[in-house]
Amino acid sequence: MDNKSKKGFSLYTFVNGIVIALTVLFAVIVILIGSYAFTQSFTNEYNDSVYRIARFSAEVVDGDSIDDYLASTEEEVGSKFESYATTKQRLTSFCNNMGMSVIYVIKPSDDYQSYTSIFNCLNDNSPFTEWELGHVEDINSNDYAEAYKNIIEKGSDHEIVLREFNLNGANPHITALVPIKDSNGNVTAIMCVQRELQDLVDARRSFIQGVSGLAIVLLIISLLIVGRVLRKRLINPVKVIATETDRFAEENTLPEESLLSEIASPVKEVRALAVSIDKMESDTVKNIEDITRFTSEKERLDVELELAANIQKGMLPKREEFLADKDCFDVYASMNPAREVGGDFYDYYMLDDNHLVILIADVSDKGAGAAFFMAISMTLIRARAKMGGNAAEIIKYVDDVIAEKNSEGMFVTVWMAIIDLSTGHVNVCNAGHDYPAIMKGGEDYFVDKTSRHGPPIGFIPGARFKDYEFDINPGDRIFLYTDGLNEAKSASGERFGLDNILETLNAHKDATNEELVEAMIKRADAFEEGVPQFDDRTMLSFTYIKKL
C-alpha cells in the first residue's frame, strides 16, 4: 500500500477545519437566533406602541353617537354633530403627529364579511384615498374578521393583526384594534390604528448585515488561533468539560471538584462554559429534588382533595335512606362540580312529620374555598330550620351570621321551600337564585318570574328577605337548578338557557325524577359538544305524589 495513503492530516489542519466549521456554524446560528430575537423585540415594540395609540385614540370617540353618525351622510354629519368634526380632526392630528399611516373607526357587519367606515383619517404622506362616512368595504382577510369577532363576541380588549405578505401592492403593516363602547358597556364600533413596517424591515436588514460582518471577522481571527495554544487552552479543556457532562448524564450526581477548578484555560468562553456546566449540574440536581418533592406534595394534595370531595358528598342527603318510609312524595338530586370540590349544594329533610324542606344553593366561587363556604352555609340553614319559622326567617338568620364574619366577601344564592305534605302548601324564600320550573295539573313546566326575589346570602349586610307562597296538588312537580345548567356554553358560545331546560322537562313529564335529571344531564353534555364544564352544575327534581 502506498505510504501516502497511510498519511493522515495534521492536527493543525484538523483543528483549523473544526474551527472553520464551528465558526461558520456558530455564525449561522447567531444570525438566525439573533435575527429572530431582534425581530420579535422590535415587533413587540411596534405592537405596544400601536396598541397604546389605538387605546388613546378610542377614548376620544363617543361610543353612544356611532349609530347617529351612521344615520347621516358625510355632508350632513358635520352640521348635525359638532363632535364628529372635532373627533375627526383630533384623530387626524394623532395620525400625523404619531407617525401612523391611517387611523380609522369601523362597524363590522353581523357576518364579518364587510364593514362600514365611520372615521377614516390618513397621514398627510399616505397614498391612500380617504373613505367617506358610510363607505362599505368587504373584509378580504380572515385575520381581520377573526379580530373583529374576538372583540365583539368574546370581549377581547384589543387585537393585533400583522400583515407582511399577499398585500396586493400595499406595504407591510401592523394594525391594533380596540373596542369602542357606549355608556352601557356595549361594543358599538372598533378603533383601528395602522402603522407601516418599513422601520422594522430596515432595522432587521442592518442587524443581519452587522451580524454577518462580525461573523466574518470572527472567522478570520479564529483561523489565526491554531497549534499548541489552541490545543492547550481550548481543545483539552473542552474535552474535560465533555467528559464531565457525559459522567453527569449517566450519574446525575455532583462532581467532587467543580469544572472551573480543574480547567486552567484563560479563555473566558471556556471558563464561562465551565461555570455554566457547574451551574447546570447544580440546578439539575436541585430540580430533581424539587420535582421529587413536588410529586410527593401533589400526591398528598390529590389525596386531600379526594377526601374533601368524599366529605362534601357525605354531607348531602342519602336518598334511599330518606325515602325508605315515605310514599307521599319523591325527590332526586345530582351535583357535578367543575373541579374536585365545588360550591353548589342541595338538601332535603323533614322538619317534623308533616313539613319537608327542599333547597338548592350556589356559592359565588368554585374550588376548595367555595366548598368550605358551602359546608358552613348548609349547616347553618339546616340547624336554623330545625328551630322553626318560615323560610324568610331562616334565610335572614343565616345571612346575619355569615355577614358578621364574611371577610372574603363570598355569598351564596339559595332557593328554599317548606312544603306542608298534608295540604300541599309551599312557603318559599328566594335569596338571589334562579327561578324554579314548576309543573301543575299535568300541564307543561313553566318558570314563574313574578315571585319575590331577594339578594344572595352574605351579599348585602343587613338585607331583608321576604317569602312567598303557593299551593301544589298531587302530581305537581318542582325542578330546581344552579346557573351551571342554564349558562352552560356550546362550542359556538351559545348558552343552554331556559328554553332548552323547559323543552327537556316537558319532553320527560312522565319520567321519574331520576330519569328526568339524567335526561337533563345528557342533554346539557350533548349541547356543550366537549367544551369543558366551567361551573358547578346541580339539579333537584321533586314530585308531590299524594297528601298525607
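Colleague: What does Phe-459 count as at 46% relative accessibility, buried or exposed or something between?

Modeller: Buried means under 20% relative accessible area and exposed over 50%, with partly exposed in between (1.4 Å probe, protein chains only). Phe-459, at 46% relative accessibility, therefore counts as partly exposed, and Phe-411, with a relative accessible area of 24%, is partly exposed as well. This is a predicted model, in which local features need pLDDT of at least 70 and side-chain atom pairs count only at pLDDT 80 or more, while totals for chains, interfaces and linings use all residues. Residues are numbered from 1 along each chain as its sequence is written, and side-chain values use heavy atoms, with hydrogens and water left out.

Colleague: How many aromatic pairs does a search of the whole structure find?

Modeller: Rings of Phe, Tyr and Trp (its six-membered ring) pair if their centres lie within 6.5 Å, and planes under 30 degrees apart count as stacked, over 60 as edge-to-face and the rest as tilted. The search of the whole structure finds 16 such pairs. One of them joins Phe-411 and Phe-459, which are edge-to-face at 5.0 Å centre to centre, with 75° between the planes. This pair links distant parts of the chain, 48 residues apart: Phe-411 is in the loop between helix H13 (391-404) and strand S10 (412-420), and Phe-459 is in the loop between strand S13 (446-447) and strand S14 (467-471). Those helices (H or I, at least four residues) and strands (E, at least two) are DSSP runs, numbered from the N terminus.

Colleague: Why is the pair of Phe-496 and Phe-527 classed as it is?

Modeller: The ring centres of Phe-496 and Phe-527 are 5.3 Å apart and their planes stand at 75°, so the pair is edge-to-face. Distant parts of the chain are linked here too, 31 residues apart, with Phe-496 in the loop between helix H14 (483-486) and helix H15 (497-507), and Phe-527 in helix H16 (residues 513-528). Phe-496 and Phe-527 are both buried.

Colleague: Which residues form one aromatic cluster with Phe-322, and what sits over the ring of Phe-322?

Modeller: The cluster joins Phe-322 with Phe-329, Tyr-346, Tyr-348 and Phe-542. A charge sits over a ring if NZ of Lys or CZ of Arg is within 6 Å of the ring centre and within 35 degrees of the ring normal. The charged end of Lys-326 is placed this way over Phe-322, 4.5 Å from the ring centre, and Arg-384 lies over the face of Tyr-397 at 5.6 Å from the ring centre.

Colleague: How many salt bridges does the structure hold?

Modeller: Side chains of opposite charge can pair when their charged atoms come close. A salt bridge is a side-chain nitrogen of Lys or Arg within 4 Å of a carboxyl oxygen of Asp or Glu, and the structure holds 14 of them. Among them, Asp-67 and Lys-107 meet at 2.8 Å, N to O, and this pair links distant parts of the chain, with Asp-67 in helix H3 (residues 66-70) and Lys-107 in strand S1 (residues 102-108), 40 residues apart. Asp-67 is partly exposed at 46%, and Lys-107 counts as partly exposed at 29%.

Colleague: Which residues are linked in a network of salt bridges with Lys-88?

Modeller: Lys-88 is linked in that network with Glu-74 and Glu-130. In the salt bridge between Lys-88 and Glu-74, the closest N and O atoms are 3.6 Å apart. Lys-88 lies in helix H5 (residues 82-97) and Glu-74 in helix H4 (residues 74-80), so the pair ties together parts that are 14 residues apart in sequence. Lys-88 is buried, with a relative accessible area of 15%, whereas Glu-74 counts as partly exposed at 23% relative accessibility.
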